[in-house]
Amino acid sequence: MADRLSGIVLFILSLIMAYLSWKLPLGGFKRPGPGLYPLLLSLVLASLVLLLFVSSWRESPARRSEPIPASKENLKKVLYILGILLVYAFFFESLGFLFSTCLFFLLLKPVVDKKWGYIIIGAILITLSSYLIFDVLLQSQLPKGFLRI
């Protein structure tokens, strides 16, 4: 029930965001206007909320997951991830986007509990897809780092 209620509220919020951003100049992907990014985000939010809403109707009450209990082990995982994020932010400029992002996902291995093969492939795929989105498509200037890559 909570998923349905939050889905309705978020869907209404995404429609308001889409309407307000539509009033701004949109531009194009080469020269985006101030309304393009908020419009895209509102459409993504609306799509995800619709998926949440539909899945909340299809999911049986017996299959619903229980909340994750607060424990020392879970607290350690959260603190470990926060530590990795701080290290990532600190070394982002000096190591560069590609190296630091791939290293960040590799360092998540203790939290994810998957085999190294999955972790390495996932880290490389996420890093390369992020690079393609931000550097190639959006033409953002990402830090090159000391390796200049």
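Is Phe 104 buried or exposed? Select Phe 104 to start the tour: with a relative accessibility of 12%, this residue counts as buried, because buried means under 20%. Keep in mind as you click around that this is a predicted model.

**Stop 1: a tilted pair of rings**

Leave Phe 104 on screen and add Tyr 88. These two residues form one of the five aromatic pairs in the structure. The ring centres sit 5.2 Å apart and the planes meet at 45 degrees, so the pair is called tilted. Now colour the helices. Tyr 88 belongs to helix α3 (residues 72-95) and Phe 104 to helix α4 (residues 97-106), so that the pair links distant parts of the chain, 16 residues apart. Unlike its buried partner, Tyr 88 counts as partly exposed, at 21% relative accessibility.

Next, show Phe 92, Phe 97 and Phe 105 as well. Together with Tyr 88 and Phe 104, they make up a cluster linked by ring pairs.

**Stop 2: an edge-to-face pair**

Select Phe 90 and Phe 91. How many degrees lie between the planes of these two rings? The angle is 90 degrees, with 5.0 Å from centre to centre, and the pair is edge-to-face. Try a surface view here too: Phe 90 counts as exposed at 63% relative accessibility, while Phe 91, at 35%, is partly exposed.

**Stop 3: the buried side of α4**

Go back to helix α4 and pick out Phe 97, Ser 100, Thr 101, Cys 102 and Phe 104. These are the buried residues of the helix. What do they pack against? Show α3 and α6 alongside, and you have the two partners of these buried residues.

**Stop 4: an enclosed space**

Here is something to look for between the atoms. Rolling a probe the size of a water molecule over the atoms shows where empty space is left. In this model, the count comes to one cavity of 30 Å³ or more, and the largest cavity has a volume of about 40 Å³. To find it, select the lining: Phe 97, Leu 98, Tyr 131, Asp 135, Leu 142, Pro 143, Lys 144 and Ile 149. Helices α4 and α6 are the elements that give two or more residues to this lining. Colour the lining by class and you should see six nonpolar residues, two charged ones and no polar ones. You have already met Phe 97 among the buried residues of α4.

**Stop 5: a salt bridge**

Return to helix α3 and select Lys 77 and Glu 73. The whole structure has one salt bridge, and it joins these two residues, with 3.9 Å between the closest N and O atoms. Both residues lie in α3, four residues apart, which is about one turn of the helix. Glu 73 counts as exposed at 52% relative accessibility, and Lys 77 is partly exposed at 25%.

**Stop 6: two positive phi angles**

Finish with the backbone. Select Asp 113, in the loop between α5 (109-112) and α6 (116-137). Its phi is near 60 degrees, a positive value in a residue other than glycine. Asp 113 is also exposed, with a relative accessible area of 58%.

Then move on to Gln 139, in the segment after α6. What is the phi of Gln 139? The angle is near 55 degrees, again positive in a residue that is not glycine. Gln 139 counts as exposed as well, at 53% relative accessibility.

Terms used
Residues numbered from 1 in each chain as written. Predicted model: local features only at pLDDT ≥ 70, side-chain atom pairs only at ≥ 80, totals over all residues. Heavy atoms only, no water. Phe/Tyr/Trp six-rings, centres within 6.5 Å; stacked < 30°, edge-to-face > 60°. Buried < 20%, exposed > 50% of the residue type's maximum accessible area, 1.4 Å probe, protein only. Contact = heavy atoms within 4.5 Å. 1 Å grid on protein atoms, 1.4 Å probe; cavity = no way out; pocket = protein on both sides within 12 Å on 5 of 7 lines; lining within 4 Å. Points joined across faces, edges and corners; volume = space filled by probe spheres on them. Nonpolar A, V, L, I, M, F, W, Y, C, P; charged D, E, K, R; others polar. Salt bridge = Lys/Arg side-chain N within 4 Å of Asp/Glu carboxyl O.
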